[in-house]
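Here is a walk through one protein structure, taken step by step. Keep the sequence and the 3D view open as you read.

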Amino acid sequence: MRFAILFGGNSYEHEISIISAVVLQKILNAPLEFIFCDAKRDFYLIPASKMNAKIFSSKAYTEEKKLILKRGGFYKKGLLSEGRVPCDCVINLIHGRDGEDGKIAALLEFFDLNFIGPRLEASVLSFNKELTKLYAQNLGIKTLPYTMLRKHETQNFTPTFPCILKPARLGSSIGISIAKDAKGLDYAKDVAFELDDAIVVEAFESDVKEYNLAGAMIGEEFVFSIIEEPQKKEFLDFEQKYLSFSGTGKIQEAPLDEGLKNKLKTTFAKIYNPLFKGALIRCDFFILNGEVHLNEINPCPGSLAHYLFEDFNGVVEGLARSACNEAKIAIRYDFLHSISGQKGKL
(Lines give C-alpha, C1' and ligand atoms only; values in the text may rest on other atoms or scores of the structure.)
Protein backbone atom coordinates (compact mmCIF):
# COMPACT_ATOMS: atom_id res chain seq x y z
CA MET A 1 0.00 0.00 0.00
CA ARG A 2 1.27 3.46 -0.90
CA PHE A 3 0.61 6.34 1.52
CA ALA A 4 0.61 10.09 0.95
CA ILE A 5 1.56 11.97 4.11
CA LEU A 6 -0.22 15.34 4.17
CA PHE A 7 1.48 17.82 6.51
CA GLY A 8 2.05 21.53 7.20
CA GLY A 9 -1.06 23.73 7.13
CA ASN A 10 -1.83 27.25 8.28
CA SER A 11 -1.47 26.49 11.97
CA TYR A 12 0.54 27.41 15.05
CA GLU A 13 1.66 23.75 14.93
CA HIS A 14 2.91 23.99 11.34
CA GLU A 15 6.55 23.23 12.24
CA ILE A 16 5.55 20.37 14.52
CA SER A 17 3.67 18.82 11.60
CA ILE A 18 6.85 18.97 9.52
CA ILE A 19 8.76 17.17 12.29
CA SER A 20 6.01 14.53 12.43
CA ALA A 21 6.33 13.89 8.68
CA VAL A 22 10.13 13.57 8.88
CA VAL A 23 9.77 11.09 11.75
CA LEU A 24 7.20 8.96 9.91
CA GLN A 25 9.53 8.76 6.92
CA LYS A 26 11.90 6.83 9.18
CA ILE A 27 9.19 4.70 10.79
CA LEU A 28 6.77 3.59 8.07
CA ASN A 29 7.84 0.59 6.01
CA ALA A 30 5.75 1.44 2.94
CA PRO A 31 6.07 3.49 -0.25
CA LEU A 32 5.47 7.12 0.73
CA GLU A 33 4.58 10.37 -1.01
CA PHE A 34 4.96 13.68 0.87
CA ILE A 35 2.41 16.45 0.25
CA PHE A 36 3.18 19.73 1.96
CA CYS A 37 0.50 22.35 2.61
CA ASP A 38 2.21 25.70 3.09
CA ALA A 39 1.04 28.75 5.03
CA LYS A 40 -0.83 29.99 1.93
CA ARG A 41 -2.58 26.60 1.73
CA ASP A 42 -0.92 25.66 -1.53
CA PHE A 43 0.07 22.00 -1.96
CA TYR A 44 3.54 20.81 -3.03
CA LEU A 45 4.94 17.35 -3.75
CA ILE A 46 8.18 17.01 -1.78
CA PRO A 47 10.65 14.30 -2.91
CA ALA A 48 11.52 11.89 -0.08
CA SER A 49 15.21 12.70 -0.56
CA LYS A 50 14.53 16.35 0.29
CA MET A 51 12.52 15.81 3.45
CA ASN A 52 14.56 17.89 5.86
CA ALA A 53 14.07 21.10 7.87
CA LYS A 54 16.02 23.35 5.52
CA ILE A 55 13.79 22.91 2.47
CA PHE A 56 10.89 24.38 4.46
CA SER A 57 12.69 27.07 6.47
CA SER A 58 14.41 28.39 3.31
CA LYS A 59 11.17 28.11 1.29
CA ALA A 60 13.03 26.00 -1.28
CA TYR A 61 9.92 23.80 -1.36
CA THR A 62 8.35 26.38 -3.72
CA GLU A 63 10.64 25.03 -6.45
CA GLU A 64 8.97 21.61 -6.23
CA LYS A 65 5.88 20.42 -8.14
CA LYS A 66 2.74 22.29 -7.18
CA LEU A 67 -0.35 20.12 -6.75
CA ILE A 68 -4.07 20.57 -7.09
CA LEU A 69 -6.71 18.56 -5.23
CA LYS A 70 -9.66 17.27 -7.19
CA ARG A 71 -11.84 14.20 -7.53
CA GLY A 72 -9.88 11.08 -6.61
CA GLY A 73 -6.54 12.56 -5.62
CA PHE A 74 -3.78 15.13 -5.76
CA TYR A 75 -2.56 16.00 -9.26
CA LYS A 76 0.62 17.63 -10.55
CA LYS A 77 0.27 19.88 -13.53
CA GLY A 78 2.37 19.30 -16.65
CA LEU A 79 2.54 21.29 -19.87
CA LEU A 80 0.06 19.08 -21.69
CA SER A 81 -1.48 16.87 -19.03
CA GLU A 82 -2.05 16.27 -15.35
CA GLY A 83 -0.55 13.35 -13.46
CA ARG A 84 -2.13 11.89 -10.34
CA VAL A 85 0.16 11.40 -7.35
CA PRO A 86 0.08 7.62 -6.78
CA CYS A 87 -1.58 6.96 -3.45
CA ASP A 88 -3.89 4.38 -1.89
CA CYS A 89 -4.45 6.28 1.35
CA VAL A 90 -3.73 9.79 2.65
CA ILE A 91 -2.48 10.20 6.23
CA ASN A 92 -3.70 13.50 7.66
CA LEU A 93 -0.68 14.68 9.65
CA ILE A 94 -1.59 18.37 9.85
CA HIS A 95 -1.70 19.33 13.52
CA GLY A 96 -3.91 22.09 14.88
CA ARG A 97 -5.93 24.34 12.58
CA ASP A 98 -6.66 22.98 9.09
CA GLY A 99 -5.81 19.39 9.99
CA GLU A 100 -7.73 18.98 13.24
CA ASP A 101 -10.55 21.50 12.89
CA GLY A 102 -12.29 19.71 10.03
CA LYS A 103 -11.13 21.62 6.93
CA ILE A 104 -8.88 18.86 5.58
CA ALA A 105 -11.33 16.13 6.58
CA ALA A 106 -14.08 17.88 4.62
CA LEU A 107 -11.85 18.31 1.55
CA LEU A 108 -10.69 14.70 1.50
CA GLU A 109 -14.22 13.42 2.04
CA PHE A 110 -15.66 15.76 -0.61
CA PHE A 111 -13.11 14.71 -3.23
CA ASP A 112 -13.48 11.02 -2.29
CA LEU A 113 -9.95 10.25 -1.08
CA ASN A 114 -9.38 7.35 1.29
CA PHE A 115 -7.69 8.75 4.39
CA ILE A 116 -6.57 8.10 7.94
CA GLY A 117 -7.68 10.88 10.25
CA PRO A 118 -10.67 12.29 12.12
CA ARG A 119 -13.78 12.98 10.09
CA LEU A 120 -15.58 16.34 10.20
CA GLU A 121 -17.72 15.91 13.34
CA ALA A 122 -14.88 14.29 15.25
CA SER A 123 -12.57 17.13 14.27
CA VAL A 124 -14.97 19.84 15.40
CA LEU A 125 -15.61 18.25 18.80
CA SER A 126 -11.98 17.47 19.60
CA PHE A 127 -10.42 20.71 18.27
CA ASN A 128 -12.26 22.90 20.77
CA LYS A 129 -11.49 22.04 24.41
CA GLU A 130 -14.88 23.33 25.59
CA LEU A 131 -16.75 21.13 23.10
CA THR A 132 -14.53 18.19 24.08
CA LYS A 133 -15.62 18.58 27.69
CA LEU A 134 -19.28 18.75 26.69
CA TYR A 135 -18.87 15.66 24.50
CA ALA A 136 -17.21 13.73 27.34
CA GLN A 137 -19.86 14.77 29.85
CA ASN A 138 -22.58 13.62 27.44
CA LEU A 139 -20.91 10.20 27.44
CA GLY A 140 -20.79 10.13 31.24
CA ILE A 141 -17.02 10.68 31.34
CA LYS A 142 -15.64 13.01 33.99
CA THR A 143 -13.66 16.16 33.18
CA LEU A 144 -12.13 18.78 35.47
CA PRO A 145 -14.45 21.69 36.39
CA TYR A 146 -13.76 24.74 34.25
CA THR A 147 -14.65 28.34 33.46
CA MET A 148 -14.66 29.87 29.97
CA LEU A 149 -13.21 33.33 29.36
CA ARG A 150 -14.03 35.04 26.06
CA LYS A 151 -12.03 37.93 24.69
CA HIS A 152 -14.90 40.30 23.96
CA GLU A 153 -17.04 39.49 26.99
CA THR A 154 -16.94 40.91 30.51
CA GLN A 155 -14.96 38.51 32.68
CA ASN A 156 -16.65 38.21 36.04
CA PHE A 157 -15.21 35.22 37.84
CA THR A 158 -13.29 34.56 41.03
CA PRO A 159 -10.40 32.21 40.33
CA THR A 160 -8.97 29.70 42.76
CA PHE A 161 -5.19 29.91 42.71
CA PRO A 162 -3.20 28.26 41.33
CA CYS A 163 -5.16 27.84 38.11
CA ILE A 164 -4.20 26.80 34.60
CA LEU A 165 -5.25 28.71 31.49
CA LYS A 166 -5.46 27.04 28.08
CA PRO A 167 -6.41 28.53 24.69
CA ALA A 168 -9.55 26.64 23.69
CA ARG A 169 -8.48 25.79 20.14
CA LEU A 170 -4.76 25.17 20.23
CA GLY A 171 -2.46 22.23 20.84
CA SER A 172 -2.27 21.03 24.42
CA SER A 173 1.02 22.80 25.17
CA ILE A 174 0.72 26.08 23.27
CA GLY A 175 -0.14 29.28 25.15
CA ILE A 176 -0.72 27.43 28.43
CA SER A 177 0.18 29.16 31.70
CA ILE A 178 -0.20 28.50 35.41
CA ALA A 179 -1.38 31.56 37.33
CA LYS A 180 -0.48 31.65 41.03
CA ASP A 181 -1.85 35.11 41.80
CA ALA A 182 -3.85 37.96 40.25
CA LYS A 183 -0.82 39.44 38.49
CA GLY A 184 0.05 36.05 37.01
CA LEU A 185 -3.57 35.66 35.91
CA ASP A 186 -3.51 38.91 33.95
CA TYR A 187 -0.28 37.86 32.23
CA ALA A 188 -1.63 34.38 31.44
CA LYS A 189 -4.79 35.87 29.91
CA ASP A 190 -2.73 38.21 27.74
CA VAL A 191 -0.65 35.26 26.47
CA ALA A 192 -3.66 33.06 25.73
CA PHE A 193 -5.77 35.81 24.14
CA GLU A 194 -2.93 36.53 21.72
CA LEU A 195 -3.53 33.05 20.31
CA ASP A 196 -7.26 32.46 20.72
CA ASP A 197 -10.38 34.41 21.64
CA ALA A 198 -11.55 31.77 24.14
CA ILE A 199 -9.72 30.38 27.17
CA VAL A 200 -10.43 27.35 29.36
CA VAL A 201 -9.58 27.97 33.04
CA GLU A 202 -9.21 25.02 35.42
CA ALA A 203 -7.96 24.68 38.98
CA PHE A 204 -4.38 23.42 38.85
CA GLU A 205 -4.25 19.98 40.46
CA SER A 206 -0.66 19.34 41.55
CA ASP A 207 -1.28 15.79 42.76
CA VAL A 208 -3.03 14.60 39.61
CA LYS A 209 -1.62 11.63 37.68
CA GLU A 210 -1.59 11.88 33.88
CA TYR A 211 -1.66 9.01 31.41
CA ASN A 212 -1.77 8.89 27.61
CA LEU A 213 -3.38 6.11 25.59
CA ALA A 214 -3.56 5.86 21.80
CA GLY A 215 -5.58 3.52 19.66
CA ALA A 216 -7.85 2.87 16.72
CA MET A 217 -10.56 0.52 15.53
CA ILE A 218 -9.56 -1.87 12.77
CA GLY A 219 -12.78 -3.35 11.52
CA GLU A 220 -14.76 -3.81 14.73
CA GLU A 221 -11.74 -4.54 16.94
CA PHE A 222 -9.81 -2.05 19.05
CA VAL A 223 -6.04 -1.87 18.87
CA PHE A 224 -4.56 -0.08 21.88
CA SER A 225 -1.08 1.28 22.46
CA ILE A 226 0.80 0.94 25.69
CA ILE A 227 -0.19 3.47 28.37
CA GLU A 228 2.33 6.25 28.86
CA GLU A 229 2.88 8.38 31.95
CA PRO A 230 4.45 11.55 30.50
CA GLN A 231 7.45 12.88 32.41
CA LYS A 232 6.97 16.55 33.12
CA LYS A 233 7.77 19.48 35.36
CA GLU A 234 4.78 21.45 36.69
CA PHE A 235 2.94 20.75 33.47
CA LEU A 236 3.90 19.39 30.07
CA ASP A 237 5.22 22.40 28.18
CA PHE A 238 5.69 22.81 24.43
CA GLU A 239 9.34 21.74 24.34
CA GLN A 240 8.85 18.69 26.56
CA LYS A 241 5.83 17.48 24.64
CA TYR A 242 7.14 17.85 21.11
CA LEU A 243 10.69 16.70 21.73
CA SER A 244 9.22 13.51 23.20
CA PHE A 245 7.87 12.27 19.86
CA SER A 246 10.61 13.59 17.56
CA GLY A 247 12.75 10.51 18.16
CA THR A 248 12.16 7.03 16.82
CA GLY A 249 12.51 5.05 20.03
CA LYS A 250 9.81 3.44 22.17
CA ILE A 251 8.36 4.64 25.47
CA GLN A 252 8.31 2.54 28.62
CA GLU A 253 4.83 1.50 29.71
CA ALA A 254 3.46 3.01 32.91
CA PRO A 255 3.39 0.53 35.83
CA LEU A 256 -0.38 0.30 36.35
CA ASP A 257 -2.57 -2.45 37.75
CA GLU A 258 -4.88 -4.24 35.33
CA GLY A 259 -7.97 -2.61 36.84
CA LEU A 260 -6.81 0.91 36.02
CA LYS A 261 -5.58 -0.14 32.57
CA ASN A 262 -9.02 -1.54 31.81
CA LYS A 263 -10.72 1.64 33.07
CA LEU A 264 -8.60 3.76 30.75
CA LYS A 265 -9.25 1.49 27.78
CA THR A 266 -13.00 1.36 28.45
CA THR A 267 -13.14 5.15 28.65
CA PHE A 268 -11.10 5.47 25.44
CA ALA A 269 -13.48 3.09 23.64
CA LYS A 270 -16.51 5.19 24.69
CA ILE A 271 -14.85 8.31 23.31
CA TYR A 272 -13.68 6.68 20.07
CA ASN A 273 -16.61 4.59 18.87
CA PRO A 274 -18.23 5.48 16.52
CA LEU A 275 -17.27 9.16 16.16
CA PHE A 276 -13.53 8.68 15.54
CA LYS A 277 -13.66 5.66 13.23
CA GLY A 278 -11.01 6.02 10.54
CA ALA A 279 -8.58 7.87 12.83
CA LEU A 280 -5.70 6.94 15.08
CA ILE A 281 -6.13 9.16 18.13
CA ARG A 282 -4.49 9.68 21.50
CA CYS A 283 -6.47 10.49 24.63
CA ASP A 284 -4.81 12.21 27.57
CA PHE A 285 -6.36 11.27 30.90
CA PHE A 286 -6.09 12.48 34.48
CA ILE A 287 -6.49 10.19 37.48
CA LEU A 288 -7.82 12.23 40.38
CA ASN A 289 -9.10 10.68 43.62
CA GLY A 290 -8.99 7.29 41.91
CA GLU A 291 -11.31 8.35 39.06
CA VAL A 292 -10.59 8.70 35.34
CA HIS A 293 -11.03 12.19 33.87
CA LEU A 294 -10.58 13.11 30.21
CA ASN A 295 -8.09 15.94 29.74
CA GLU A 296 -8.15 16.15 25.95
CA ILE A 297 -8.41 14.25 22.68
CA ASN A 298 -5.55 14.43 20.16
CA PRO A 299 -7.20 13.47 16.84
CA CYS A 300 -3.91 13.80 14.88
CA PRO A 301 -1.25 13.11 17.53
CA GLY A 302 2.39 13.99 16.97
CA SER A 303 3.93 11.49 14.50
CA LEU A 304 0.72 9.47 15.03
CA ALA A 305 1.97 8.41 18.49
CA HIS A 306 4.10 5.72 16.80
CA TYR A 307 6.31 5.48 19.90
CA LEU A 308 3.43 3.97 21.91
CA PHE A 309 2.80 0.97 19.61
CA GLU A 310 4.59 -2.36 19.38
CA ASP A 311 3.54 -2.87 15.74
CA PHE A 312 2.89 0.64 14.45
CA ASN A 313 3.20 -0.36 10.77
CA GLY A 314 0.62 -3.08 11.22
CA VAL A 315 -1.81 -0.65 12.87
CA VAL A 316 -1.49 1.90 10.05
CA GLU A 317 -1.89 -0.74 7.32
CA GLY A 318 -4.94 -2.22 9.05
CA LEU A 319 -6.52 1.15 9.64
CA ALA A 320 -5.97 2.20 6.01
CA ARG A 321 -7.78 -0.94 4.82
CA SER A 322 -10.73 -0.54 7.18
CA ALA A 323 -11.22 3.24 7.06
CA CYS A 324 -14.06 4.31 4.80
CA ASN A 325 -15.76 7.54 3.80
CA GLU A 326 -19.42 8.32 4.25
CA ALA A 327 -21.89 6.38 2.13
CA LYS A 328 -22.94 8.05 -1.10
CA ILE A 329 -26.55 9.10 -1.53
CA ALA A 330 -28.24 7.93 -4.71
CA ILE A 331 -29.75 10.95 -6.47
CA ARG A 332 -32.54 9.81 -8.86
CA TYR A 333 -34.52 13.02 -9.52
CA ASP A 334 -37.78 11.10 -9.07
CA PHE A 335 -39.58 14.12 -7.66
CA LEU A 336 -38.43 16.45 -10.45
CA HIS A 337 -39.48 13.86 -13.06
CA SER A 338 -42.90 13.57 -11.43
CA ILE A 339 -43.61 17.30 -11.71
CA SER A 340 -41.85 18.13 -14.95
CA GLY A 341 -44.87 17.34 -17.10
CA GLN A 342 -47.40 19.14 -14.93
CA LYS A 343 -48.72 22.40 -16.32
CA GLY A 344 -47.42 25.45 -14.46
CA LYS A 345 -44.82 23.47 -12.56
CA LEU A 346 -41.18 24.45 -12.96
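**A guided tour**

Let's begin in helix 8, which covers residues 258-272: Lys-261 and Glu-258 both sit in it, 3 residues apart, or about one turn of the helix. Their side chains meet in a salt bridge, with N to O at 3.6 Å. Lys-261 counts as buried, because its relative accessible area is 14% and the cut-off for buried is under 20%. Bear in mind that what you're looking at is a predicted model.

How many salt bridges turn up when the whole structure is searched? The search finds 19. Another one worth finding joins the side chains of Arg-41 and Asp-98, at 2.9 Å from N to O. Arg-41 is in the loop between strand 2 (32-37) and strand 3 (43-46), while Asp-98 is in the loop between strand 7 (89-92) and helix 3 (103-110), so this pair ties together parts that are 57 residues apart in sequence. As a general point, side chains of opposite charge can pair when their charged atoms come close.

Asp-98 has another partner too: Lys-103 forms a salt bridge with Asp-98, and the closest N and O atoms there are 3.6 Å apart. Are these residues tucked away or out in the open? Asp-98 is buried, with a relative accessible area of 3%. Arg-41 counts as partly exposed at 38% relative accessibility, and Lys-103 counts as partly exposed at 39%. Step back a little, and you'll find Arg-41, Asp-98, Asp-101 and Lys-103 joined into one network by salt bridges that share partners.

Stay with Asp-98 a moment longer and look at its backbone. Its phi is near 80°, a positive value in a residue other than glycine. Asn-289 also has a positive phi, of about 55°, although it isn't a glycine. You'll find Asn-289 in the loop between strand 15 and strand 16 (291-298). Is Asn-289 buried or exposed? With a relative accessible area of 72%, Asn-289 is exposed.

While we're on the backbone, there are cis peptide bonds to look at. One joins Phe-161 and Pro-162, with omega at about -5°, and Pro-162 lies in the loop between strand 9 (147-150) and strand 10 (163-167). Another joins Asn-273 and Pro-274, where omega is about 5°. Pro-274 takes us back to the helix we started with, being in the loop between helix 8 and strand 15 (281-288).

Now let's go inside. The largest nonpolar core has 63 residues, and the ones that touch the most other members are Ile-5, Phe-7, Ile-46 and Leu-264. Helix 1 (residues 14-27) gives the most to this core, with 6 residues. Apart from it lies another core, this one of 19 residues, including Leu-6, Phe-43, Leu-67 and Ile-94. To get a feel for the surroundings of Phe-7, leave aside its neighbours within four places in sequence: Phe-7 is then in contact with Ser-17, Ile-18, Ala-21, Phe-34, Ile-35, Phe-36, Cys-37, Ile-46, Met-51, Phe-56, Leu-93 and Ile-94.

Polar and charged residues can be found under cover here as well. Take Glu-202, in strand 12 (residues 198-203): at 3% relative accessibility, Glu-202 counts as buried. Which side chain does Glu-202 join in a polar contact of 2.7 Å? That would be the side chain of Lys-133. Not counting residues up to four places away in sequence, Glu-202 touches Lys-133, Leu-144, Pro-145, Tyr-146, Cys-163, Ile-164 and Lys-166.

Asn-212 is another one to look up, in strand 13 (residues 209-218). Asn-212 counts as buried, at 4% relative accessibility. Beyond its neighbours within four places in sequence, Asn-212 is in contact with Ile-226, Ile-227, Glu-228, Pro-230, Arg-282, Cys-283 and Asp-284.

Finally, head out to the surface. Ile-329, Ile-331, Tyr-333, Phe-335 and Leu-336 make a nonpolar surface patch of about 610 Å². Where in this stretch is Tyr-333 found? It's in the loop between helix 9 (312-322) and helix 10 (334-340). Tyr-333 counts as exposed because its relative accessibility is 52% and the cut-off for exposed is over 50%.

Notes. Residues are numbered from 1 along each chain as its sequence is written. This is a predicted model: local features need pLDDT of at least 70, side-chain atom pairs count only at pLDDT 80 or more; totals for chains, interfaces and linings use all residues. Side-chain values use heavy atoms; hydrogens and water are left out. Patches are made of residues with over 30% relative accessible area and no salt bridge: like charges are joined within 9 Å, nonpolar side chains (Val, Leu, Ile, Met, Phe, Trp, Tyr) within 5 Å. Accessible areas come from the Shrake-Rupley method with a 1.4 Å probe; for residues, only the protein chains shown count as cover. A salt bridge is a side-chain nitrogen of Lys or Arg within 4 Å of a carboxyl oxygen of Asp or Glu. Helices (H or I, at least four residues) and strands (E, at least two) are DSSP runs, numbered from the N terminus. Buried means under 20% relative accessible area, exposed over 50%, partly exposed in between (1.4 Å probe, protein chains only). A nonpolar core is a set of buried Ala, Val, Leu, Ile, Met, Phe, Trp, Tyr and Cys residues joined through side-chain atoms within 4.5 Å. Contact means heavy atoms within 4.5 Å. A polar contact is a pair of N or O atoms within 3.5 Å; within protein, one must be able to donate a hydrogen and the other to accept it, and residues adjacent in sequence count only if both atoms are side-chain atoms.
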